[in-house]
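Please look over the sequence and the structure shown here before reading on.

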Amino acid sequence: MRSTPHRLPGLLALTLAAALACSPAQAQERTSGLRDLLAHFPAEIMESEEWADILYSDLQAARIGVSRDAETLAEAMFGDDRFVAPYMRSMGLPYDMVQGMSFGFSGEWTEIVGFLPRDIAQSLSYAAPPDQLAIIEMAESADFDAIAGALRTTGYTPEQRGDWNVLWYIEEDYRMNLADRDPRNPFGGHLGRSSRVALLEPLLAYSPAWPRIEAVTGGVDRSALELPAVLALLAVVDDPRHGEGRLVNVAFLTEQQPAEMRDGAPIPGVGIPAWELGLFADLSTGAVDTALAAFVYADAKTAGEAAAAIETVWSDTTLYGFHPSLSESGMPEIHVTGDGADQAVVVISIEREMTGDADTVYNLAYRAFYTGMISGELPVFGHP
């Protein structure tokens, strides 16, 4: 899971900095935006044991996370889309949308879909190609009439489904019309593929297939917020011990990979017991980044065994199973939450001051967690 900004007047920058100083992120509210989107997200996606990208990003938090200077922050939040760093840090935008971000930055999305990247507030996306679903909260700057109008002009057919205004292109799911490709369309236009966009202000839902959109517009039978494992992970992110950082990115993990070498051979002494659901989270204050890894277990005993196994590997970075990018992070804080009655969560936390040019874009530890897991280079979290 993508120009250098001109300077805004100093007064605007100072006003914004003062507002941020007076309104620190409250830990108990850290996942409130994510919870809003999860309420429309089918539980069955989280229950799958197959690998999928289930990613969340808060674009406003990403802007704070990449901008330590008040004037630059003002430009990032209120300026134009030439300031691309927040989008580079945000990993939760829909797969199809990422393919055409350059056309969004250049302003060409407006004609095709009626909005620009800066009109996105937060996004929760799922991708297990060809299957995709995105639930997006649009910013106050978004004009839903303009979005619907642009999509109709682009060739989408409108219809009302419950409270949602649905606009679709190519009725058959996943069908492509290569002669009608338009990379300026962030909803599958680079492939000329079927597309369904559902609008209910402030939400926009997108999928190339009807079943996913119908699950949203008809009201999900069970949302992801009804899953105890999801609630346990959200409680970890909201934990006040992680400071005042805002939630920038989340990656939910539905499949635990084996702890093995590239040739498939098992790695002696590396790996943790099978977990129910996992999560990586990226928090930032704009000066300090925190990366979290968390895994849900049925009881505290098993979670404790996982914590001990992780600590053993982390204490010896020469062991195969430790991602090289994490070696400079030092020993993380590792603890177990829960009283053991129902569920327990093992939590790995890395806090790091942002220093140097690289840190203005990425939470390096979070990125190492995520890329290490998907590349198979982080078997410390795999099953033995």
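The report below treats the sheet, then the helix across it, and then the nonpolar cores.

The model is a predicted one, and in it 12 strands form an open sheet with antiparallel pairing, in the order β4-β5-β6-β7-β3-β2-β1-β8-β9-β10-β12-β11. At the edges stand β4 and β11, each of which has a single partner strand, so one side of each is left without a neighbour in the sheet. Direction ignored, neighbouring strands of this sheet are turned against each other by 15° on average. Within the sheet, strands β2 and β3 run antiparallel and are joined by 8 bridges, and Tyr126 stands opposite Leu133 in β3. Helix α13 lies across β10, β11 and β12, and it runs at about 35° to β12.

The residue ranges of some of these elements are as follows.

| Element | Residues |
|---|---|
| Strand β2 | residues 120-128 |
| Strand β3 | residues 131-138 |
| Strand β10 | residues 288-297 |
| Strand β12 | residues 344-353 |
| Helix α13 | residues 300-314 |

The largest nonpolar core has 44 residues, of which Leu34, Leu38, Phe41, Met46, Ile54 and Phe252 touch the most other members. Helix α12, residues 228-238, gives the most to this core, with 7 residues. Apart from this core lies another one, of 33 residues, including Ile272, Trp275, Ala291 and Phe295. In soluble globular proteins, nonpolar side chains tend to be buried together.

Which residues does Ile54 touch, not counting those up to four places away in sequence? Ile54 touches Phe41, Ile45 and Met46, then Leu124, Ser125 and Tyr126, and also Val250, Ala251, Phe252 and Thr254.

Methods
Residues numbered from 1 in each chain as written. Predicted model: local features only at pLDDT ≥ 70, side-chain atom pairs only at ≥ 80, totals over all residues. Heavy atoms only, no water. Core = buried A, V, L, I, M, F, W, Y, C linked by side-chain atoms within 4.5 Å. Buried < 20%, exposed > 50% of the residue type's maximum accessible area, 1.4 Å probe, protein only. Helix = DSSP H or I, 4+ residues; strand = E, 2+ residues; numbered from the N terminus. Contact = heavy atoms within 4.5 Å. Pairing = 2+ DSSP bridges. Axes fitted to C-alpha atoms, helices over the stretch in contact; angles between N-to-C directions.
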